[in-house]
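Dear colleague,

Please find below the structure that I am handing over to you. My notes on it follow directly after.

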Amino acid sequence: MPHELIGTVKVILDEQTFASGFNKREFVITDSADKYPQDIKFEAVKDNVEKVNALNVGDQVKVTFDVRGNEYNSKFYVNLVAWKIDVTKAANAAPAAAQPPAFD
């Protein structure tokens with residue numbers, strides 16, 4: 001079941017490549033919809049790593065993700081796996097300045 005979260009990119013971590021050829025890249029967004037902002041870590045795997053490569057810190061994004069869980073050595077882990085990332089407002093996007101009237 002897919003979930004969505006809107007927030008601002010806070011951290012983009014380095015890509016990790018494993019001996020099996022599997023690769024992933026993690027990033028953190030700040031969700032400030034609540035009274036107390038939350039920093040949420042996502043991971044993008046395989047082909048979706050390219051979507052993270054296009055992000056910049058400060059971008060406002062909408063992330064569509066799946067929740068994945070597993071057990072290893074009697075410990076339980078949860079990962080939020082992003083598979084769609086839409087930039088809703090780029091960090092370096094300056095507001096459009098009003099054009100002064102042209103004089104002929």
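By the rule applied here, this predicted model contains 6 salt bridges. Three of them are described below, beginning with a pair that joins two strands.

Lys-24 forms a salt bridge with Glu-43, and their closest N and O atoms are 3.3 Å apart. Because Lys-24 belongs to strand 3 (residues 23–31) and Glu-43 to strand 4 (residues 38–45), this pair ties together parts of the chain that are 19 residues apart in sequence. Lys-24 and Glu-43 are both buried.

A further salt bridge involves the two strands just mentioned. Glu-26 pairs with Lys-41, with 3.6 Å between the closest N and O atoms. Here too distant parts of the chain are linked, since Glu-26 lies in strand 3 and Lys-41 in strand 4, 15 residues apart. Are the two partners buried or exposed, or something in between? Glu-26 has a relative accessible area of 13%, and because this is under the 20% limit, Glu-26 counts as buried. Lys-41, at 46% relative accessibility, counts as partly exposed, because that value falls between the 20% and 50% limits.

The third salt bridge to note is formed by Lys-84 and Asp-86, whose closest N and O atoms are 4.0 Å apart. Both partners are partly exposed: Lys-84 has a relative accessible area of 39%, and Asp-86 has one of 28%.

Which residues are joined into one network by salt bridges that share partners? They are Lys-24, Glu-26, Lys-41 and Glu-43. The network therefore brings together residues of strand 3 and strand 4, with Lys-24 and Glu-43 as well as Glu-26 and Lys-41 placed in these two strands.

As for the chain as a whole, it has 1 helix and 6 strands. Read from the N terminus, the order of the elements is β-β-β-β-α-β-β, so that four strands precede the helix and two follow it.

The chain has 104 residues, and 29% of them count as buried. Among the contacts with a separation of 6 or more, 51% are made by residues that are 24 or more positions apart. The accessible surface of the chain amounts to about 7,600 Å², and carbon and sulfur atoms account for 52% of that area.

With kind regards

Key: Residues numbered from 1 in each chain as written. Predicted model: local features only at pLDDT ≥ 70, side-chain atom pairs only at ≥ 80, totals over all residues. Heavy atoms only, no water. Buried < 20%, exposed > 50% of the residue type's maximum accessible area, 1.4 Å probe, protein only. Contact = heavy atoms within 4.5 Å. Areas by Shrake-Rupley, 256 points an atom, 1.4 Å probe, with all protein chains shown as cover. Salt bridge = Lys/Arg side-chain N within 4 Å of Asp/Glu carboxyl O.
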